[in-house]
Amino acid sequence: MNRKPDFYKGADISFLPQCLDAGMQVKDLDGLPKDPFELLQKHGVNAIRLRLWHTPENVPESGGYCDLSHTISMAEKIREYGMQFMLDFHYSDFWADPGQQRKPKAWENLGPGQLEEAVFRYTADTLRTMKKKGVLPDIVQIGNEIRSGLLFPDGELPDCAGMVRLVNAGIRGARSVAGPEEMQIMIHLDQGGRYFYLKEWFSNAFASGLMDFDLIGLSYYPFWHGTYADLKSTMERLAKEYGKPIMVVESAYAWRTCADGFIDEAQEKLAGFPASPQGQRKVLELINGIVASVPDKMGLGVFYWEPLCLPVNGVGAWGKNMGLLDETGQALEGIRAFEFEREDYDPLRWKERYEPLYAQAGKKTEDILPEGRNLLRNPGWEEGMDSWKTEGSDGCTSALSDPEEGQEQTIRTLCVEGTKNFTFRLSQQVPVTEPGSYCFQAEIQGTDTTGVHVSLFVQAETGGTELMVHPTEHEFTGFRTEAVKLEAGTVTVGISITASPMFAKVRRLSFFQSPVRK
């Protein structure tokens, strides 16, 4: 077993085999070809994370990658380079994240007891096979981003007891192969900067009998999961309350914006840094410093999610601007963030860099005032939900709240929350009496993460528009659709949400004819 580093500087490179098979050539900063592992090690990487899918052959778009055979081959390279090895059990034939935790096809018809046994056996057998091959992981995740549960529907929240039984089965399987001195067990959740979600998850899980484990792993993407100050506070509080060392096991940032890339302008503003090679490096260095600042060395390190990838089949938009390689495969300066050492952390230097705590992703209220007469009926819900239609799936609740005491204006808010993966739609049919260009706008506050889709929409027989938005929980932000040309008739406007457990608040809705600009 490799010696544990003082600070894990890790990379999830699960995409690497399929990128190399597609012809990707990796180059160093000087443009000269370099073996991928040599490149990472040269710039300070000391740990590699790999995901494992149960039977990816069942999902054609997987290409058959991330199966046990590919994973063992990659693990042998990890050991050859003397790096730490983290294994991420997805317990699915394909992607598992807060929005999707599908059972493997082989387990689809199993009853609850049979499913627990399958999780136990699969975990134990996989790790035992890897141990015989000399590639037992140093750290093993029991599930990937399981804040909403795993193996739906059996382990889907809010059935916390059902979820915990399955997680415990995985923990038992891992412990049957190796103890904590040889292999540590991690619980991995998303929303790294949102303490209120993580505290709730751990409190409920422990109350339901969650077995002991060794490490807490978080996903933290600064365009989804709160501010940098939120991350710092969350990690410090979790480490103190649960006595578990903590890592950021997924993070990344864009080196450019592009029309078909992964990050958009609103997310760039939320992260507070430009999507550029320099901005990418600054974000990664900032996150390294935050993790290193957790007291008593309880912040163990940071893993970049998929730095070595290009947009080949199966990688898509992520590879266009979220890796640490440009379009030719040459390393970008962000790779130098791996050269960070714990002793590089200087509290006085890093404290100032937690700012900006929040860069507004939309517009200030005064900047989005309607430019024309509001055509909505009951736009502020003074008459309850009259004229409005709401549709929500199981696990979704919505309710009006009155303004807080002391507010100058009477502003009612529609509060929407999902305790499990959910859909919600708020809409109103509006008569349009004259042709012209129209806009729909609203103020929204809420949370965001992988797979969350919040959008404003305008729908008509003759045309329409949709604007995907990225809310923040820190304050209301105004969003406005592009002006859309409409003919006289009936138009449907509103807000739609498809999301894992999250909350959203909506207020100040307006639909108006956009004036002709001269």
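Trainee: Where is Trp381 found?
Mentor: Keep in mind that this is a predicted model. Look past helix H11, which covers residues 347-351, and stop before strand E11, residues 389-392. Trp381 is found in the loop between H11 and E11.

Trainee: Is Trp381 buried or exposed?
Mentor: Buried means under 20% relative accessible area. Trp381 comes out at 0%, so the residue counts as buried.

Trainee: What is the phi of Trp381 near?
Mentor: Most residues other than glycine have a negative phi. Trp381 isn't a glycine, yet its phi is positive. The value is near 60°.

Trainee: Which residues does Asn378 touch, leaving out those up to four places away in sequence?
Mentor: Asn378 lies in the loop between H11 and E11. At 10% relative accessibility, Asn378 counts as buried. Its partners, with residues up to four places away not counted, are Glu383, Gly384, Met385, Asp386 and Trp388.

Trainee: How many Å apart in space are Asn378 and Trp388, C-alpha to C-alpha?
Mentor: Along the sequence, the two are 10 residues apart. In space, C-alpha to C-alpha, the distance is 8.2 Å.

Trainee: What is the phi of Lys297?
Mentor: Lys297 is found in the loop between helix H9 (277-292) and E10. This residue is not a glycine, but its phi is positive. The value is about 55°.

Trainee: On to the rings. How many aromatic pairs does a search of the whole structure find?
Mentor: A pair of aromatic rings is described by the distance of the centres and the angle of the planes. Searching the whole structure this way turns up aromatic pairs numbering 32.

Trainee: What kind of pair do the rings of Phe15 and Trp305 make?
Mentor: Planes over 60 degrees apart count as edge-to-face. The ring centres of Phe15 and Trp305 are 5.9 Å apart and the planes stand at 75°, so the pair is edge-to-face.

Trainee: How many residues apart are Phe15 and Trp305?
Mentor: Phe15 is in the loop between strand E1 (8-12) and helix H1 (16-21). Trp305 belongs to strand E10, residues 299-305. The pair links distant parts of the chain, and the two are 290 residues apart.

Trainee: Are Phe15 and Trp305 buried or exposed?
Mentor: Phe15 has 3% relative accessibility. Trp305 has a relative accessible area of 12%. With the cut-off for buried at under 20%, Phe15 is buried, and Trp305 is buried too.

Trainee: Which residue has its charged end over the ring of Phe15?
Mentor: Phe15 is in a cluster linked by ring pairs, with members including Trp53, Phe94 and Trp305. A charged end also sits over the Phe15 ring, 4.6 Å from its centre. That charged end belongs to Arg51.

Trainee: What about the ring of Tyr197: which residue's charged end sits over it?
Mentor: Here the charged end lies 4.8 Å from the ring centre. The residue is Arg147.

Trainee: How are H4 and H5 oriented to each other?
Mentor: The axes of H4 (residues 112-132) and H5 (residues 160-175) come within 7 Å and cross at roughly 30°. The crossing is right-handed. Angles under 35 degrees count as roughly parallel, and H4 and H5 are therefore roughly parallel.

Trainee: And how are H5 and H6 oriented to each other?
Mentor: The axes of H5 and H6 (residues 195-207) come within 9 Å and cross at roughly 75°. Their contact is made by Cys160, Met163 and Val164 of H5 and Trp201, Asn204 and Ala205 of H6. Angles from 65 to 115 degrees count as roughly perpendicular, and H5 and H6 are therefore roughly perpendicular.

Trainee: Which residue is joined to Leu157 by a cis peptide bond?
Mentor: Most peptide bonds are trans. In this bond omega is about 15°. The partner's place is in the loop between E6 and H5, and the residue joined to Leu157 is Pro158.

Trainee: Which residue follows Phe152 across a cis bond?
Mentor: That bond has omega near 0°. The residue's place is in the loop between strand E5 (149-150) and strand E6 (155-156). The name you want is Pro153.

How values were computed: Residues numbered from 1 in each chain as written. Predicted model: local features only at pLDDT ≥ 70, side-chain atom pairs only at ≥ 80, totals over all residues. Heavy atoms only, no water. Phe/Tyr/Trp six-rings, centres within 6.5 Å; stacked < 30°, edge-to-face > 60°. Helix = DSSP H or I, 4+ residues; strand = E, 2+ residues; numbered from the N terminus. Buried < 20%, exposed > 50% of the residue type's maximum accessible area, 1.4 Å probe, protein only. Lys NZ or Arg CZ within 6 Å of the ring centre and 35° of its normal. Axes fitted to C-alpha atoms, helices over the stretch in contact; angles between N-to-C directions. Parallel < 35°, antiparallel > 145°, perpendicular 65-115°, else oblique. Left-handed = near helix turned anticlockwise from the far one by under 90°. Contact = heavy atoms within 4.5 Å.
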